[in-house]
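Please look at the sequence and the model below, and take a moment to turn the model around before reading on. The report that comes after it is meant to be read with the structure in view.

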Amino acid sequence: QTLLSFTQDHHHQIDSHKFRQFLFFRQWNNVKNYANENGISIIGDIPIFVAQDSSDAWANPQLFFFDDDLQPTVVAGVPPDYFSETGQLWGNPLYNWDFHKKNGYDWWLKRIKATLRFFDIVRLDHFRGFAAYWEVPAGNPTAEIGKWMPGPGAHFFQAIQEELGDLPIIAEDLGEITHDVFEMRDQFDLPGMKILQFAFGGDPQEP
């Protein structure tokens, strides 16, 4: 009832946004088709996390660790490393992977399929988070206090592979990565990433 009332009260603004989106996606599809016809593939991006105030989190609170007031109980980040003494507190709500697994990763499958309508290949952000992720209690000022929690692992990518076949995915595997992350990347024949500038740090063993 609330949504219906809001839609009726703001239908001019809603229709305006819909029309602008229609124009953009029509133009983008023309660009993508032209690129593909000329042998060019386009790489897009899927951030691993979404924002707390996103439509995804608002419409699907069961997918995240929220309390009864729809506030996150734990948030995303990375622990202290050579880039930051206090880590990086990203603040995104974290996924309830047990729920996602029971639901056949339906939301993720829809997200990936929707992204692949606009791109040929996607860079999957924070790939290591699918092996394990850093969980920070909500309200902490930094990411120093937290713990590693298991991600969905290979089961997640098997489910996507069963749905899509060959995975048009680039694994963003930068930073301090543990061996299990590389094993999962290689299990599904996913290309990883390297940053050219990191190759000139003075260490002859730098990969």
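What follows is a report on one strand of this predicted model and on its surroundings.

**Strand 4 and its partners**

Strand 4 covers residues 121-124, and along it the side chains alternate, with V122 and L124 pointing to one face, where they are buried, while I121 and R123 point to the other face and are not buried. Strand 4 runs parallel to strand 1 and also parallel to strand 7, and the table sets out these two pairings, each with its number of bridges and one pair of facing residues.

| Partner of strand 4 | Residues of partner | Bridges | One pair of residues |
|---|---|---|---|
| strand 1 | 43-46 | four | I43 and I121 |
| strand 7 | 169-171 | three | A171 and L124 |

**Before the strand: L116**

L116 belongs to helix 5, which spans residues 106-116. Is L116 buried or partly exposed? L116 is partly exposed, because its relative accessible area is 22%, and the cut-off for a buried residue is under 20%. Leaving aside neighbours within four places in sequence, L116 is in contact with V122, L164 and P168, and V122 is one of the buried residues of strand 4. L116 and I43 are 73 residues apart in sequence, yet their C-alpha atoms are 9.5 Å apart in space.

**After the strand: R128**

R128 is found in the loop between strand 4 and strand 5, the latter being residues 132-137. Although R128 is buried, it has no salt bridge, and the nearest side chain of opposite charge, that of D180, is 5.1 Å away; this pair does not count as a salt bridge because the atoms would have to be within 4 Å. A polar atom of the R128 side chain does, however, lie 2.8 Å from the backbone oxygen of A132. When neighbours within four places in sequence are left aside, the contacts of R128 are W148, E172, E176, I177, T178 and V181.

**The nonpolar core**

The largest nonpolar core has 36 residues, and those with the most contacts inside it are Y95, W108, F127, F130 and F157. Strand 4 supplies at least two residues of this core, as do strand 2, helix 5, helix 6, strand 7 and helix 7. For F130, again leaving aside neighbours within four places in sequence, the contacts include W108 and F157, together with L124 of strand 4 and M184.

Note on methods:
Residues are numbered from 1 along each chain as its sequence is written. This is a predicted model: local features need pLDDT of at least 70, side-chain atom pairs count only at pLDDT 80 or more; totals for chains, interfaces and linings use all residues. Side-chain values use heavy atoms; hydrogens and water are left out. Buried means under 20% relative accessible area, exposed over 50%, partly exposed in between (1.4 Å probe, protein chains only). Lys and Arg count as positive and Asp and Glu as negative; His and the chain ends are not counted. A polar contact is a pair of N or O atoms within 3.5 Å; within protein, one must be able to donate a hydrogen and the other to accept it, and residues adjacent in sequence count only if both atoms are side-chain atoms. Contact means heavy atoms within 4.5 Å. Two strands pair if DSSP finds at least two bridges between them. A nonpolar core is a set of buried Ala, Val, Leu, Ile, Met, Phe, Trp, Tyr and Cys residues joined through side-chain atoms within 4.5 Å.
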